[in-house]
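Hi,

I hope your week is going well. Here is the structure I promised to pass on, and my notes come right after it.

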Amino acid sequence: MTTAAPDPDDKAIEAALRPKNLDDFVGQKRVREQLSLVLEASRLRGRSADHVLLSGPPGLGKTTLSMIIAAEMNAPLRISSGPAIQHAGDLAAILSSLTEGEVLFLDEIHRMSRPAEEMLYMAMEDFRVDIVVGKGAGATAIPLDLPPFTLVGATTRAGLLPGPLRDRFGFTGHLEFYSTAELELVLRRSAMLMDMKVNSAGFAEVAGRSRGTPRIANRLLRRVRDWALVHGIDQIDARSAGAALDMYEVDERGLDRLDRAVLHALVTKFGGGPVGLSTLAIAVGEEPETVETVAEPYLVREGLLGRTPRGRIATRAAWEHLGLKMPDAAAQ
Ligand code: ADP
């Protein structure tokens, strides 16, 4: 079993742990302040808020923020995602059913098809779409006015978005990894909601292994809760939290199985690199996008992996973390 194993209970708990307003949203001070201003200004104008683009690695709070935006604007929220919109018609169906002021959240917006993306340009700018009826020479475009709405787009990397789409967002917020202190706050709130007793050192231990990511912090806390329940432990401290997380193969630095597999492949199969992303992904049996968006940002941030024009490389710290000596040739 891995930490990623789904638990039907987990989904419900995850939903319950989501902060419901900006005040409960921990960290990301700049984005929070800027967003709060955007929302306040649109409230004062009595208009729907400008379109918002949120970028950052998975689990940092993009979906949560879209829910908060809708709640703060007192508006309904519609959730969809780039991969779910393969045809312009899919997007037209969503857009034409929006109500005035509604917030439309499009996760992984960079994965939308090209024709849908072009339809979105016009919808964002002019609140209008052209619905094409018929095919070939007989096709006609019927213009359809849309009610004003707020698009909240989420992407793991803003750079993946074509310029014309990026430019149509009135506000872009980049979510950063959370500090350990911020994650401790997230964990304290979650533990209270889950009725768990954890001391300060226990929180610090879980936060330190959470890769700067609230979703992971909450997930690890649930695993610690399971472990404590089975072991009959009432008050969780650093030792019990550490023992629980060791069992789930989350190491003291927060690296999980995929992270270690990536580093291990890089070091043992490719002599520390450089190696191309797709080759590396094949070596660990994952999609390149998973390696790039899930494992790499944290490994880069921890100084364990480097991205060079010639490919990925393992740093000296990576070799050390795996308990291996970096050969002199790899250090060149
Ligand atoms: P993303 O959409 O970026 O992948 P989510 O918004 O789904 O991330 O967040 C994942 C989980 O992490 C949520 O269930 C929420 O409980 C928690 N979370 C995210 N950001 C915060 C935050 N700033 N404060 C508290 N909890 C957070």
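Below I go through the ligand surroundings, the annotated positions and the sheet.

One thing to keep in mind first: this is a predicted model.

**Around the ligand**

The shell around the ligand has 20 residues, and those that come nearest are G61, K62, T63, T64 and P214. By type, the shell divides into 9 nonpolar, 7 polar and 4 charged residues. Three helices each supply at least two residues of this shell: α1 (8-17), α3 (62-72) and α9 (214-230).

**A look at T63**

T63 is worth a stop on your tour, as it is among the residues that come nearest to the ligand and also carries the UniProt feature "binding site", from an unreviewed entry. T63 is found in helix α3. Is T63 buried, partly exposed or exposed? It counts as partly exposed, because 18 C-beta neighbours lie inside 10 Å, whereas a buried residue would need 20 or more. Leaving aside residues up to four places away in sequence, T63 touches F105, D107 and A154.

**The other annotated positions**

The same UniProt feature, "binding site" (unreviewed entry), is placed at L17, R18, G59, K62, T63, T64, E125, D126, F127, R168, Y178 and R215. These positions span 199 residues in sequence, and their farthest two C-alpha atoms are 36.8 Å apart, so they do not all gather at one spot. One of them, E125, sits in helix α5 (residues 114-126). E125 is exposed, because it has 11 other C-beta atoms within 10 Å, and the cut-off for exposed is 12 or fewer.

**The sheet**

Now to the strands. Five of them, in the order β2-β3-β6-β1-β7, form an open sheet with parallel pairing. Which strands stand at the edges? They are β2 (77-81) and β7 (171-174); each has a single partner strand, so one side of each is left without a neighbour in the sheet. On average, neighbouring strands of this sheet are turned by 15° against each other, direction ignored.

If you want one strand pair to inspect, try β1 (residues 52-55) with β6 (residues 150-155), which pair in the parallel sense over 4 bridges. Within this pair, S55 stands opposite T155 in β6. As a reminder, strands of a sheet pair through backbone hydrogen bonds, either parallel or antiparallel.

Happy to talk it over whenever suits you.

Best wishes

Note on methods. Residues are numbered from 1 along each chain as its sequence is written. This is a predicted model: local features need pLDDT of at least 70, side-chain atom pairs count only at pLDDT 80 or more; totals for chains, interfaces and linings use all residues. A residue is near a molecule or strand if its C-beta atom, placed from the backbone, lies within 6 Å of it. Ala, Val, Leu, Ile, Met, Phe, Trp, Tyr, Cys and Pro count as nonpolar, Asp, Glu, Lys and Arg as charged, and the others, Gly among them, as polar. UniProt positions are given in the numbering used here, feature names are shortened, and annotations may be inferred rather than shown by experiment. Two residues are in contact if their C-beta atoms, placed from the backbone, lie within 7 Å. Two strands pair if DSSP finds at least two bridges between them. Axes are lines fitted to C-alpha atoms, for helices over the stretch in contact, and angles run from 0 to 180 degrees between N-to-C directions.
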